[in-house]
Amino acid sequence: MDPYVAALLGALVAFGVGVAVGTLTGRAGRRTEAAELARASERATDEARAGREELRSMAAALSAMQEGVLLFGPDGATTYANPAIEQHLGSVPASVDALLPVGLRESVRSAALTHLSAEAEAETGSPTRWLRASATPVGGDDSVLFVVRDVTEARRLEAVRRDFVANASHELKTPLASILAAAETIQSAATDDPAVLPRFAALLEKDAARLSRIVSDLLDLSRVEGGSETATSVALDAITLEEMDRFESAAEDTGVTLSISSEAASVRGSARDLALLVRNLIDNALRYTGEGGSVAVDVRVDDEEVVLSVEDTGIGIPTRDLPRIFERFYRVDRARSRETGGTGLGLAIVKHVVENHGGRISVESELGRGTRFEVRLPATG
């Protein structure tokens, strides 16, 4: 056989292409056969190159996935694992028998046995994480494709949503019940005992105002959760001074000294939302500071940051409650909060506004001595 033809046949065999070659006779026959083989070899090379590219693309896609992927063969042995699987499971199981938690293992066995897809959720690790997995039969030979993802955050958000609905319903129901009771009393007392009307009218007004504050805070929270417009340069010192004016009368009525120290300080953001941030911090400080106490507000520039601090000499916050004070409807002292008209949403609003403006917030507190909130926002040039 011509050496050139033999080389082509070798190349075709290497790429898995079967070639049937008859007996070559004559110089012209060998040339024709060589040309055909050359074309076949070129086609095979192109197909093999395309196949390798496709495999590389698939491998890259699987490696980039946040979901963990395992492929178990008919004997239960692991035949493929992407890098993310170790993040979810802690290690790559050598076989189905080594797959943990047990609930996930059972989903793979079910898929292999029934040839139907199976899903499972399992709790694992410390701190606890929740994993959701799907096992799908592939290939018709009892092989199973196993995909797992971390749903811890999704479950947390779902729990927050449920709690929010329950808490909002409860918070709205309380003043509504008081309003209805006061309205009914006023209606019956209009003829039977007119002297009580002013007292119940005052209760009606108080609960209506509380209901209005809850609805207003809910709307503000919903809005800032969607983000803030941060294209405009805003003078935070001027906004703080304006907000301070709002509380002068309330501070005087409760015997609390309200003071401010400020310097020119600008940040990029939403004047409306930054005013909401300042308002809620001052309002929170005044609510939990008794007669004879003080609330000090400070605005200054620290290198490339604008620092807003609100410090009070109020009742303080227990250490155990500090991690939760920015949660919606969370109150350290529910009885006092209802007495002062707090909605439990102010600090949640503050946290979202700070995050929307690329800043951070911290809190220091000591029971019986007061609380200090500090907000740091990027300063404009």
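Visitor: In which sense, left-handed or right-handed, does α8 pass α10?
Guide: In this predicted model, the crossing of α8 over α10 is left-handed. The two helices pack at an angle of about 145 degrees, and their axes are 9 Å apart.

Visitor: Which residues make the contact between α8 and α10?
Guide: On the α8 side they are Asp-273, Leu-274, Leu-276, Leu-277, Asn-280, Leu-281 and Asn-284. On the α10 side they are Gly-346, Leu-347, Ile-349, Val-350, Val-353 and Val-354.

Visitor: How do the residues of the contact of α8 with α10 divide into nonpolar, polar and charged?
Guide: Nine are nonpolar, three are polar and one is charged. Glycine is counted as polar.

Visitor: Which residues of α10 are buried, and what covers them?
Guide: The buried ones are Gly-346, Leu-347, Ala-348, Ile-349, Val-350, Val-353 and Val-354. Their cover includes α6, α8, β11 and β12. After α10 comes Gly-358, with a positive phi near 70 degrees.

Visitor: Why is Ser-270 called buried?
Guide: Its relative accessible area is 12%. Buried means under 20%, so Ser-270 qualifies. Ser-270 sits in the loop between β8 and α8. Leaving aside neighbours within four places in sequence, Ser-270 is in contact with Ser-228, Glu-229, Val-234 and His-357.

Visitor: What makes the pair Arg-223 and Asp-220 a salt bridge?
Guide: The side chains meet at 3.5 Å, N to O. The cut-off is within 4 Å for a side-chain nitrogen of Lys or Arg and a carboxyl oxygen of Asp or Glu, so the pair of Arg-223 and Asp-220 counts. Both residues lie in helix α6, three residues apart, about one turn of the helix.

Visitor: Why is Asp-220 placed in one accessibility class and Arg-223 in another?
Guide: Asp-220 has 14% relative accessibility and counts as buried, because the limit for buried is under 20%. Arg-223 has 26%. Partly exposed covers the range between the 20% and 50% limits, so Arg-223 is partly exposed.

Visitor: How do you know that Glu-374 forms salt bridges with Arg-372 and Arg-376?
Guide: The closest N and O atoms of Arg-372 and Glu-374 are 3.1 Å apart. For Arg-376 and Glu-374 the N to O distance is 3.0 Å. A salt bridge requires within 4 Å, so both pairs count. Arg-372, Glu-374 and Arg-376 belong to a network of salt bridges that also links Asp-302, Glu-305, Glu-311 and Arg-360. The search of the whole structure finds 23 salt bridges.

Visitor: Are Arg-372, Glu-374 and Arg-376 buried or partly exposed?
Guide: Glu-374, at 14%, is buried. Arg-376, at 15%, is buried. Arg-372, at 22%, is partly exposed, because buried requires under 20%.

Visitor: What makes the phi of Asp-303 and of Phe-329 notable?
Guide: Most residues other than glycine have a negative phi. Asp-303 has a positive phi of about 60 degrees although it is not a glycine. Phe-329 has a positive phi of about 70 degrees and is not a glycine either. Asp-303 is in the loop between β9 and β10, and Phe-329 is in the loop between β10 and α9.

Visitor: Why is Asp-303 called exposed?
Guide: Its relative accessible area is 69%. Exposed means over 50%, so the term applies to Asp-303.

Visitor: Is Phe-329 buried or exposed?
Guide: Phe-329 has 2% relative accessibility and therefore counts as buried, the limit being under 20%.

Visitor: How do you know that the peptide bonds from Leu-100 to Pro-101 and from Ser-126 to Pro-127 are cis?
Guide: Omega is near 0 degrees for the bond from Leu-100 to Pro-101. Omega is also near 0 degrees for the bond from Ser-126 to Pro-127. Most peptide bonds are trans. Pro-101 is in the loop between α3 and α4, and Pro-127 is in the loop between β3 and β4.

Visitor: How many helices and strands does the protein have, and what share of its residues is buried?
Guide: There are 10 helices and 12 strands. Buried residues make up 36% of the 381 residues.

Note on methods:
Residues numbered from 1 in each chain as written. Predicted model: local features only at pLDDT ≥ 70, side-chain atom pairs only at ≥ 80, totals over all residues. Heavy atoms only, no water. Helix = DSSP H or I, 4+ residues; strand = E, 2+ residues; numbered from the N terminus. Buried < 20%, exposed > 50% of the residue type's maximum accessible area, 1.4 Å probe, protein only. Contact = heavy atoms within 4.5 Å. Axes fitted to C-alpha atoms, helices over the stretch in contact; angles between N-to-C directions. Left-handed = near helix turned anticlockwise from the far one by under 90°.
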